[in-house]
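Visitor: I would like a close look at a single part of this model, one helix and its surroundings, with enough of the whole to place it.

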Amino acid sequence: MPPKRVAIVTSSTRSPRLNPTITQYVYDVLISDPTIPTNHSGTTDTDPRHITLEIIDLEKQSLPLYDESVIPASLPAADPTPHYSKAHTRAWSAVVRQYDAFIFVTPQYNWSIPASLKNALDYLYFEWKGKPAGIVSYGGRGGGKAADHLRGILTGLRMRVVGTAPGLPVKFTGFPVGTLSEEEEKVQLDERDLAGWREAGVEGMMQNLGMELPLLMYVP
Ligand SMILES: Cc1cc2nc3c(=O)[nH]c(=O)nc-3n(C[C@H](O)[C@H](O)[C@H](O)COP(=O)(O)O)c2cc1C
C-alpha cells in the first residue's frame, strides 16, 4: 500500500510574506519526529500508517477571486473535477484530490484567515469532504482567532479537524529592511521566537497533531 499523502498548505499569498518560512518550520518539526510514521524513502513497505509530507503553496496555484459558475457541493461526489466551468478550478481540484489529509498553516489577518485561503477552500467541496485536517496558526499572539474561524470553515466542508491546533506567536521575526519579493524565502526565524515556542510546548503540540492526523485517516 503506498503511503498516504499529507499536504502542508502555505495560505498567504502576499509578497514578501512569512508563511513559507513558517510552513518549512512545521515541515521540519514533523519530518524530524521519529514517532510520526513518515516514509519518504520511496521504498515499498507494509506499514499502512505511513504518510508522506508535501508542501502546497496557494500563491503558486494562481487562483482568481472565486468565479466558478457551478456550486461545488452540487456536483457528482465521486468525480467532481470535469464538471467545473473553469480550467483553473479543474486544475485546483486535481491537485487537492491527490492528498489524503491537510495541515493548513495560516496567519491571522484581522481576527480571521487570509482571503486567499478562504477563496481556495470555497472553490471545492467533495475534494475536501471527509478528509482529516490540522491547523497551525501564527500572528502577534499566535493567531488563535484565525484558527477558530478556520475550524468552523473546515467543519462546514465536513473535514475532520484534529483537536490540537498549535499557535505560534511571532514577536521578533521580521523582514529585513528593503526586502525584495524574490528574497522572501530567506526570512529567518528569530531565535527568540523559536525559544518562546519551545518554552510554550508548541513543538510538542505539533507532534501531537502529526500523530493524530494519520490516526484519523484510518478511522472510517
Ligand atoms: C491584513 C493584515 C491583517 C493582520 N491582522 C492581524 C491580526 O488580526 N492579529 C495579529 O496578531 N496579526 C495580524 N497581522 C499580522 C500578521 O499576522 C503578520 O504580519 C504575519 O506575518 C502575516 O503573515 P504573512 O507574512 O504570511 O502574510 C495582520 C497582517 C496583515 C497583512
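Guide: Of the 220 residues in the chain of this predicted model, 38% count as buried, and it is from the burial of individual residues that the picture of helix H4 can be built. The secondary structure amounts to 7 helices and 6 strands, which follow one another from the N terminus in the order β-α-β-α-α-β-α-β-α-β-β-α-α. Within this arrangement, helix H4 covers residues 115-122, and its buried residues are Ser-116, Leu-117, Ala-120 and Leu-121. Seen down the axis of H4, these buried residues fall within an arc of 130°, so they line one face of the helix. As for what that face meets, the buried residues of H4 pack against helix H2 (58-61), strand E3 (101-107) and helix H5 (144-156).

Strand E3, which spans residues 101-107, leads on to the largest nonpolar core, a set of 50 residues in which Ile-103, Phe-104 and Val-105 are among those with the most contacts, as are Val-9, Val-26, Ala-133 and Ile-135. Val-9, leaving aside its neighbours within four places in sequence, is in contact with Ile-56, Leu-58, Phe-102, Ile-103, Phe-104 and Val-105.

Pro-107 belongs to another setting as well, since 14 residues surround the ligand and those that come nearest are Leu-18, Asn-19, Pro-107, Gly-139 and Gly-140; the shell as a whole divides into 5 nonpolar, 6 polar and 3 charged residues.

For the chain as a whole, residues 24 or more positions apart account for 75% of the contacts with a separation of 6 or more.

Notes:
Residues are numbered from 1 along each chain as its sequence is written. This is a predicted model: local features need pLDDT of at least 70, side-chain atom pairs count only at pLDDT 80 or more; totals for chains, interfaces and linings use all residues. A nonpolar core is a set of buried Ala, Val, Leu, Ile, Met, Phe, Trp, Tyr and Cys residues joined through C-beta atoms within 7 Å. A residue is buried if 20 or more other C-beta atoms lie within 10 Å of its own, exposed if 12 or fewer, and partly exposed in between; C-beta atoms are placed from the backbone. Two residues are in contact if their C-beta atoms, placed from the backbone, lie within 7 Å. A residue is near a molecule or strand if its C-beta atom, placed from the backbone, lies within 6 Å of it. Ala, Val, Leu, Ile, Met, Phe, Trp, Tyr, Cys and Pro count as nonpolar, Asp, Glu, Lys and Arg as charged, and the others, Gly among them, as polar. Helices (H or I, at least four residues) and strands (E, at least two) are DSSP runs, numbered from the N terminus. The arc is that of the directions from the helix axis to the C-beta atoms.
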